[in-house]
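User: I am new to this structure. Please take a close look at a single part of it and walk me through what you find.

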Amino acid sequence: MTDVLDRPAATTAKLALEDITSGYGNVEIIKSLSLGVRPGEIFALMGKNGMGKTTLLKTIVGLLPARRGRILLDGADVTKKGPKTMADAGVAYAPQEQPLFQDLSIRDNLRLALRSDRALAEGLERVYGHFPFLADRLAQKAGTLSGGEQKMLIIARAMMTAPKLLLIDEISEGLQPTVIERIAAALRDERANGTTVLIVEQHLAFALSIADRWAVMKLGQIDDAGEIGPDTEARMLEHLRI
Ligand SMILES: Nc1ncnc2c1ncn2[C@@H]1O[C@H](COP(=O)(O)OP(=O)(O)OP(=O)(O)O)[C@@H](O)[C@H]1O
């Protein structure tokens, strides 16, 4: 299967990408890519280094303009929207690079995207449930947290707004198994609450343990995709082999 757009269901998908092309300067990285993410699922996007996974996430959230194609959120065309509008529409992004303000406190990192004290209180309540250690450390500077704690703060910040679509870029990188399991539990809880999640991952076991469906990217296109099932690991390994 090379196309998981679910064309007949594009208007009922949470997120539908239709023939998206984007890139940097003269170079096209994402090449006419189509993909559908269903409401309430966890979708794992895999692929070797440099295949365009981060570029695709940046294109979805409007940090990088789509040059061709359409992006639909709940059936509405959001192709030309910038990051602020996408955030207001309920799309949260946990980026891989420079994700935290190291000199700001945990509290200030968590309140960045929020408009009111009430939203802050509600968001804190939500993320304390997933990551209780945050409750005692609100005044601590983000840069003084351990690597694993920073990753949990990145996820927590993306969850503060109760997003309807959560995009997460390689959160498991360099983490010990207990932290990965805690993040997996948080994502399962969010899914149970109706949040749709798109993760970019290199960690095969983590992706297999939480995802409902998967796709592998190769050179800016979807190379293979399917439901998570007994054959998934072997198929992914085939694609991810160096
Ligand atoms: N700002 C940029 N300017 C020019 N080229 C870029 C830029 N960012 C990424 N690229 C290039 O785009 C290609 C895809 O990069 P991208 O980060 O999207 O891949 P990826 O699949 O997320 O890789 P990884 O798993 O290593 O994070 C790479 O060849 C990369 O060098």
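Analyst: Start with a residue just past a helix. G194 comes just after α6 and takes a positive phi of about 100°. This is a predicted model, so every value here is computed from it.

Now step back into the helix itself. Helix α6 covers residues 177-192, which makes 16 residues. At 1.5 Å a residue, α6 should span 22 Å. Its end C-alpha atoms are 22 Å apart, so the expected span and the model agree.

Which residues of α6 are buried? They are V179, I180, I183, A184, A186, L187 and E190. These residues cover an arc of only 160° around the axis, so they sit on the same side of α6. The other side of α6 has exposed residues: P177, T178 and A192.

What do the buried residues of α6 pack against? Their partners include three strands, β3 (42-46), β7 (165-169) and β8 (196-200). The helices α4 (117-130), α5 (147-159) and α7 (204-210) are partners of the buried residues as well.

One further feature comes from a search of the whole structure. That search finds 1 cavity of 30 Å³ or more. The largest cavity holds about 50 Å³ of space. Its lining is made up of A94, P95, Q96, P99, K151, I154, D169, E170 and I171. By type, the lining of the largest cavity divides into 5 nonpolar residues, 3 charged and 1 polar.

Terms used:
Residues numbered from 1 in each chain as written. Predicted model: local features only at pLDDT ≥ 70, side-chain atom pairs only at ≥ 80, totals over all residues. Heavy atoms only, no water. Helix = DSSP H or I, 4+ residues; strand = E, 2+ residues; numbered from the N terminus. Expected span 1.5 Å × (residues − 1). Buried < 20%, exposed > 50% of the residue type's maximum accessible area, 1.4 Å probe, protein only. Arc of directions from axis to C-beta. Contact = heavy atoms within 4.5 Å. 1 Å grid on protein atoms, 1.4 Å probe; cavity = no way out; pocket = protein on both sides within 12 Å on 5 of 7 lines; lining within 4 Å. Points joined across faces, edges and corners; volume = space filled by probe spheres on them. Nonpolar A, V, L, I, M, F, W, Y, C, P; charged D, E, K, R; others polar.
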